[in-house]
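User: I have a two-chain model open and would like to talk through the labels attached to it. Could you take me through the reasoning behind them?

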Amino acid sequence: MALLEVNDLHTHFFTREGVVRAVDGVSFSVERGKTLGIVGESGCGKSVTALSIMGLIPQPPARIVEGSVMFEGRDLVRLPERELEDVRGNEISMIFQDPMTCLNPTLRIGTQITETVRRHQGLSRQDARRRAVELLEQVRIPNAAGRLDDYPHRYSGGMRQRVMIAMALSCTPKLLIADEPTTALDVTVQAQVLDLLEELRREYQMAMIIITHDMGVVAEAADEIVVMYAGQIVEQADVLELFDHPEHPYTEALLGALPQLEGEGIREGRLTAIPGRPPDLIQLPPACRFAPRCRYANRHDACAQGVPELRELRPGHFVRSGHPASERAGARAEVTA
Amino acid sequence: MVVDPRQEQLRVEAIVDEERTFDAGTAAGAPVRQTNLWKDAWFRYIRNRGAVIAGAILLLVILYCIIWPFVSPYDPNAVTFADKNQGPGLSHPLGTDAFGRDLLTRTALGGRVSIGIGFVATLVILLIGIAYGSLAGFIGGKVDNGLMRFLDALYGLPYLPFAIITLAILGNASFWTMVIALSVASWFTTARIVRGQIITLKENDYVRAAKAVGARWYRILGRHLLPNTLGVLVIAIFLELPGVILGEAFLSFIGLGISPPDSSWGQMAEEGRRVYRIVPHVIAIPSIAIATLVLSANFVADGLRDALDPRTRET
């Protein structure tokens, strides 16, 4: 059984302008010790998916209207808040995007780390402190014991993200959700933080969900990738499969927007951009959500008739498109023949 | 623009300090000279001359009220008709009142009551305001809306008449009934300030991060939100204090508050009012004392606001 199974999750925001379908029928699962990457551009529901798993979506205006999040046999969506609090930080942890704002400026670093272990493991003050030093050393904060009583403003962005990682790992969770863990960091620090995450993931034998809009990050870290667009999964596959044989036009476009430094078939000249912007999640037409930006869609085919089903093109490779690459190639071959 | 060389020096030192901190912080976690919000605030505060003077006066007045009755050669309640209605002179620096009591000693004693009521009532105001405001802001939604509309209705209550009615209901006027009367209708602003702070603070990422590690609501409120409102609360203390002291003085002056033989500044002013045509200093002294206290508290509040909230500080 998978560690985490998200089934048909619908998280909607009920706003004055209408219902925003931020997450609209998302299903995936994470195996123990594996890493799942969720990619997609801004506003496609990645973070809301993560927050829904944690039960941290702002209610109101948001509400999980349908679906379940099964974690070790418990449905987190239906778990009472008090029991959910025992899960958070203990069995599932989360790292947020901006380390500069995620630490309380009025509390010492040590206090913020010990808070978690004392809360969940009931350690004494001294034991918690010892554990905090150990954790800070693990995330490679130099002179950890001496820096424990510093306030967050004395830490740089990369160091703060390490502190966040230390806090997240403090109770050896089974699942770590990293919501754009490197977006707010310098490029040089990004690589360090990613390496650190991967190393600690192995050491703690955690499963990880890494959310990003950086294809480079998931290529490094993930075993399996979910591509989201407008609140839905549009493609899902093993990492190598996805990078080698992207099927969905959106995935292709995302990869086309990525700079390449080396390798066969290196593209030259400008990077391709994806024209247009994601659809308004309030007024969704009953059609393929990517159709307006898809270069293969046309008004008369199935793309305009309804939202395509997520179908399994190859074992383990799911696509939600009327024009996946392999069928397109096949179609072209037929025409030339 | 004329630059005060001393201030310029301070600024340069501050910049150098910052750089030093930064270098050391990023290098290898070398021991860095500790500094914190309160130390920074202190340095900003002592650069504000008006606030420093006001703070010193406030402290002196408080110390005088506490200490003088012990060292004074006169019994503040000893009636000596031979010495009545004396002007300021050598034996009685501030003169005597209609009963021949030494005013320097009596003013200190009255100050104890006035300032005591002032601080205690301010504390009560803060406690009620924090509890009400933080709950409204933290829970939010309909509860917040309900609590705030109720507060709006309470806002319609005029402060002093409400205090008078409270005193009438409680019957006798003592230290504690005065505290209740003065705080019962004046915690509204503090509640609003705290609510506003909590509402902005609870949107912070670190609150979400705390939730993500399983922190319960009381921990988030008590540990993550309220300490962040401390700066505002310190300012609120010195903003509420003058109002409360004036209120106490007013109530005692019209005869509803502290009554003889106990004294407060308001009650002393009331005694002075009866004889002000003959001996004007008897009303002047407590009035000056009240004015000094209120003014310096206002200046201190001003200085604290600049010191604790650098964003509003003029550069």
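Analyst: Happily. Let's start with Ile210(A): leaving aside neighbours within four places in sequence, this residue is in contact with Thr35(A), Gly37(A), Ala178(A), Val217(A), Val218(A), Ala221(A) and Ala222(A). Please keep in mind that this is a predicted model.

User: What makes those residues contacts of Ile210(A)?

Analyst: The test is a C-beta to C-beta separation within 7 Å, with C-beta placed from the backbone. Thr35(A) and Ala222(A) are among the residues that pass for Ile210(A).

User: Which residues touch the most other members of the largest nonpolar core?

Analyst: Ile210(A) is one of them, along with Val163(A), Ala166(A), Ile177(A), Ile209(A), Val227(A) and Val300(B). The core holds 154 residues, and helix α13 (residues 281-308) of chain B gives the most to it, with 13 residues. In soluble globular proteins, nonpolar side chains tend to be buried together.

User: Why is Val179(B) called buried?

Analyst: The label needs 20 or more other C-beta atoms within 10 Å. Val179(B) has 22 such neighbours, so it counts as buried. Its place is in helix α7 (residues 175-183) of chain B. Beyond residues up to four places away in sequence, Val179(B) touches Ile117(B), Val120(B), Ala121(B) and Val124(B).

User: How far apart are Val179(B) and Ile66(B) in sequence and in space?

Analyst: They are 113 residues apart in sequence, and their C-alpha atoms are 19 Å apart.

User: Asp8(A) and Glu180(A) caught my eye. What is noted about phi in Asp8(A) and in Glu180(A)?

Analyst: Asp8(A) has a phi near 45°, a positive value in a residue other than glycine. Glu180(A) also has a positive phi near 45°, and it too is not a glycine. For background, most residues other than glycine have a negative phi.

User: Where do they sit, and is Asp8(A) buried or exposed? And Glu180(A), buried or exposed?

Analyst: Asp8(A) is found in strand β1 (residues 4-15) of chain A. An exposed residue has 12 or fewer C-beta neighbours inside 10 Å; Asp8(A) has 11, so it counts as exposed. Glu180(A) lies in the loop between β7 and α7 (187-204) of chain A. With 21 other C-beta atoms within 10 Å, against the 20 needed, Glu180(A) is therefore buried.

User: How do you know that β6(A) and β7(A) are paired?

Analyst: Pairing takes at least two bridges between the strands. β6(A) and strand β7 (residues 175-179) of chain A have four, in the parallel sense, so they pair. Within this pair, Ile95(A) has Ala178(A) as its bridge partner. Ala178(A) also appears among the contacts of Ile210(A).

User: What makes both faces of β6(A) covered?

Analyst: Ile92(A) and Met94(A) on one side are buried, and so are Ser93(A) and Ile95(A) on the other.

User: Why are β2 and β5 of chain A called edge strands?

Analyst: They belong to an open sheet of four strands in the order β2-β1-β4-β5 (chain A), with antiparallel pairing. β2 (18-30) and β5 (74-75) each pair on one side only, and this is what the edge label records. Two bridges join strand β4 (residues 62-71) of chain A to β5(A), which meets the minimum of two. Across from Met70(A) stands Asp75(A) in β5(A).

User: How do you know that the size of chain A agrees with a compact globule?

Analyst: For 337 residues, such a globule would have a radius of gyration near 20 Å; chain A has 21 Å, so the two agree. Its C-alpha trace spans about 75 × 45 × 40 Å along the principal axes. Buried residues make up 46% of chain A. In secondary structure, chain A has 11 helices and 12 strands, while chain B has 13 helices and zero strands.

User: And where do the two chains meet? Which element of chain A gives the largest share of the side that touches chain B?

Analyst: That is α3(A), with four residues. Overall, 29 residues of chain A are in contact with 21 residues of chain B. The elements of chain A giving two or more residues to this side are α2 (81-87), β6 (92-95), α3 (109-121) and α5 (144-147). By type, the residues on this side of chain A divide into 10 nonpolar, 11 polar and eight charged.

Terms used:
Residues numbered from 1 in each chain as written. Chains lettered and ligands numbered in written order. Predicted model: local features only at pLDDT ≥ 70, side-chain atom pairs only at ≥ 80, totals over all residues. Contact = placed C-beta atoms within 7 Å. Nonpolar A, V, L, I, M, F, W, Y, C, P; charged D, E, K, R; others polar. Rg over C-alpha atoms; globule rule 2.2 N^0.38 Å. Core = buried A, V, L, I, M, F, W, Y, C linked by C-beta atoms within 7 Å.
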